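Grab your viewer and work through a few short exercises. Each one comes with a worked solution, so try it yourself before reading on.

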Amino acid sequence: MRQKRAKTYKRVMALYVQTFGFRHPFQILVSHDVLLESSKSNMDIVKVLGDVVQGECKPMITQCCMEALYALGKDHQQITNLAKTFERRRCNHRTAIEGNECLKDVIGQTNKHRYVLASQSQALRTSLEIVSGLPIIHFNRTGVLVLSPPSTATIREKNKGEEARRLEGLKEMEGVVDGGNVVGANQAVSQPVIGRKKVKGVNPLSMKKKKKDKQQQQRQQPENQNKKNEGVDVGKKRRREDDEGLEDVEVEEKEKEQVVQVETDTSGKKKRRKRKKKSAVADAIAELNAMNDSGSEGE
């Protein structure tokens, strides 16, 4: 079965379930002419009926329809055996009557037992269109088992039920004030005073800072100058200390460069030892000695 057709059948059967109280498994009254039509294509009629109603189904047949199958003889014995597996619906006819008339009597004018009719008789289907809440199944011209759309009587009954439920809802809401079902709705509610809104102050963050008086500015100027001078003196002292520390570090580094320890290589050779450079004091002393020597010679 095509997906679109299956969705349509499911929607139609939901209408019968919600409006007329149909329930699973659906009771399907099968006519003898439907069984004869299904034998032509060798289809599994029970499975196909379940697909059409989109749910579980219980095929049923009346005694008058069984008599019609018995009258066909042994040529249709296979169909008769299949019909015997269906549930037998008693029609209370002492003498067998025509199958379509029997089905019409069983369904009645209101379809009280919620049957689904499967019949191939056009006359029977036309006569039962006045019965509301009666789904009808039949074979179409191409030999496909289809579900007929809801009749006019069925749609009218559906609309009537919806209107009745709507009126019941309106009756229940009569005399109910809006919000009456809210907790504390009956208590007196203070009504808000309607008037002008209070003027709020200016946002202090958006305001400009006030200018200070000249006297305050004059007082703060000497204080700021004193702070600046103190900062300068402190900075100078720190700079002097830093310079002295740097000089000491430089002297130590020079002495380390001048003194080189003797190290032995893997070859056994010794590195030469560099001599210390004479300091400025030693140079001055040497110059004085040279001057003294020259003076003594002149005398």
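The exercises below deal with a helix pair and two single residues in this predicted model.

**Exercise 1.** Work out how helix α2 and helix α5 are oriented to each other, and which residues make the contact.

*Solution.* Start with the geometry: α2 spans residues 32-41 and α5 spans residues 77-84. Their axes lie 10 Å apart, and the packing angle is about 125°. That angle makes α2 oblique to α5, because it falls neither in the 65 to 115 range for roughly perpendicular nor over 145 for roughly antiparallel. Next comes the hand, and this crossing is right-handed. Now list who touches whom: α2 brings L35, L36 and S39, while α5 brings I79, L82 and A83. Sorted by class, that contact has five nonpolar residues, one polar and no charged ones.

**Exercise 2.** Decide whether S38 is buried or exposed, then find its partners from further along the sequence.

*Solution.* First, place S38: it sits in helix α2. Its relative accessible area is 4%, and the cut-off for buried is under 20%, so S38 counts as buried. Then skip residues up to four places away in sequence, and the touching partners are M43, I45 and F139.

**Exercise 3.** Classify A68 by accessibility, and compare its separation from A96 in sequence and in space.

*Solution.* A68 belongs to helix α4, residues 63-70. With a relative accessible area of 24%, A68 is partly exposed. As for A96, the two are 28 residues apart in sequence, and their C-alpha atoms are 8.6 Å apart in space.

Terms used:
Residues numbered from 1 in each chain as written. Predicted model: local features only at pLDDT ≥ 70, side-chain atom pairs only at ≥ 80, totals over all residues. Heavy atoms only, no water. Axes fitted to C-alpha atoms, helices over the stretch in contact; angles between N-to-C directions. Helix = DSSP H or I, 4+ residues; strand = E, 2+ residues; numbered from the N terminus. Parallel < 35°, antiparallel > 145°, perpendicular 65-115°, else oblique. Left-handed = near helix turned anticlockwise from the far one by under 90°. Contact = heavy atoms within 4.5 Å. Nonpolar A, V, L, I, M, F, W, Y, C, P; charged D, E, K, R; others polar. Buried < 20%, exposed > 50% of the residue type's maximum accessible area, 1.4 Å probe, protein only.
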